[in-house]
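User: Please take a close look at one helix in this model and at what surrounds it. I would like the packing, the faces and any adjoining pocket described in one go.

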Amino acid sequence: MSAVHFVAVSSSAISKCPKNHHSLPGIAPLSTVARPISHSAFCGISLRIPPPKVIPRGGNSYNSRVTMMMVKPAIQFIQGTDEQTVPDVRLTKSRDGTNGVAIFSFDQPSVFDSSSELGDITGFFMIDEEGVLQSVDVSAKFVNGKPSRIEAKYVMRSPREWDRFMRFMERYSQANGLQFVKK
């Protein structure tokens with residue numbers, strides 16, 4: 001029998017880099033965890049996951065298996081509803097590399113088809129296995145009174161935010177067949 005562990009981390013917990021790592025609600029505190037925590041260059045919160053329980057499978061053999069689920073990179077305008085239209089993305093970066101801007105252009109996005117049933121556009125969310133990047137700088141373009149295009153802007157104010165965004169874009173481009181064209 002397989003054990004599956006799901007861990008949800010809010011975007012507000014990931015958006016700041018704490019100097020001290022804290023336990024999240026529902027996650028075991030460090031003192032009860034027997035397994036070491038690995039650290040990476042990613043600036044986020046260390047997750048403390050208790051070891052999986054071993055379930056005997058007949059006789060004296062003990063087999064356990066942990067299934068790790070990867071999150072497919074997605075873009076959302078309404079939380080919980082993936083945008084199906086692949087955007088055109090324009091990137092700019094300052095000469096000193098301290099900040100940058102990404103502008104996403106969606107022609108005939110699928111959110112217009114489902115927004116009447118699911119609600120209003122609440123922001124621009126880029127979701128992958130590291131967490132959520134978000135922006136509220138979203139604008140719609142109308143033609144003859146009907147929505148036809150959405151533009152979203154994501155601003156990166158540090159080299160760390162730029163690197164995090166580029167990791168998301170690498171995953172998203174691999175999942176959706178995008179390629180980089182330098183102009």
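Analyst: What follows is an account of helix H3, its aromatic contacts and the pocket that it helps to line.

The model is predicted, and the residue numbers run from 1 along the chain. H3 covers residues 159-176. The helix has 18 residues and spans 25 Å from its first C-alpha to its last, close to the 26 Å expected at 1.5 Å a residue.

The two sides of the helix can be taken in turn. Trp162, Arg164, Phe165, Phe168, Met169, Tyr172 and Ser173 are the buried residues of H3. Viewed down the helix axis, these buried residues fall within an arc of 165°, so they line one face of H3. Arg160 and Gln174 lie on the other side of the helix and are exposed.

Phe165, from the buried face, leads to the aromatic contacts. Its relative accessibility is 0%, so Phe165 counts as buried, the cut-off being under 20%. In the model as a whole there are 8 aromatic pairs. One of them joins Phe104 and Phe106, whose rings are stacked, with 6.5 Å from centre to centre and 15° between the planes. Phe104 is buried, with 0% relative accessibility, and Phe106 is likewise buried, at 0%. Phe104 also pairs with Phe165: the ring centres are 6.1 Å apart and the planes stand at 85°, so this pair is edge-to-face, a label given to angles over 60 degrees. The contact between Phe104 and Phe165 links distant parts of the chain, since Phe104 sits in strand S8 (residues 100-107) and Phe165 in H3, 61 residues apart. Both rings belong to one aromatic cluster, made up of Phe77, Phe104, Phe106, Phe124, Tyr154 and Phe165.

H3 also takes part in a pocket. The second largest pocket has a volume of about 700 Å³. It is lined by 16 residues, of which Val89, Leu91, Gln179, Phe180 and Val181 are the closest to its centre. Strand S7 (88-93) and H3 are the elements that give two or more residues to this lining. H3 gives the most, with 5 residues. By type, the lining of the second largest pocket divides into 9 nonpolar, 2 polar and 5 charged residues.

To put the parts together: H3 has one face lined by its buried residues, is linked through Phe165 to Phe104 in strand S8, and gives 5 residues to the lining of the second largest pocket.

Technical notes
This is a predicted model: local features need pLDDT of at least 70, side-chain atom pairs count only at pLDDT 80 or more; totals for chains, interfaces and linings use all residues. Side-chain values use heavy atoms; hydrogens and water are left out. Rings of Phe, Tyr and Trp (its six-membered ring) pair if their centres lie within 6.5 Å; planes under 30 degrees apart count as stacked, over 60 as edge-to-face and the rest as tilted. Buried means under 20% relative accessible area, exposed over 50%, partly exposed in between (1.4 Å probe, protein chains only). Helices (H or I, at least four residues) and strands (E, at least two) are DSSP runs, numbered from the N terminus. On a 1 Å grid over the protein atoms alone, a cavity is a set of points where a 1.4 Å probe fits but cannot get out, and a pocket is an open set with protein on both sides within 12 Å along at least five of seven lines; lining residues have an atom within 4 Å of a point. Grid points are joined across faces, edges and corners, and a volume is the space filled by probe spheres set on the points. Ala, Val, Leu, Ile, Met, Phe, Trp, Tyr, Cys and Pro count as nonpolar, Asp, Glu, Lys and Arg as charged, and the others, Gly among them, as polar. The expected span of a helix is 1.5 Å times one less than its number of residues. The arc is that of the directions from the helix axis to the C-beta atoms.
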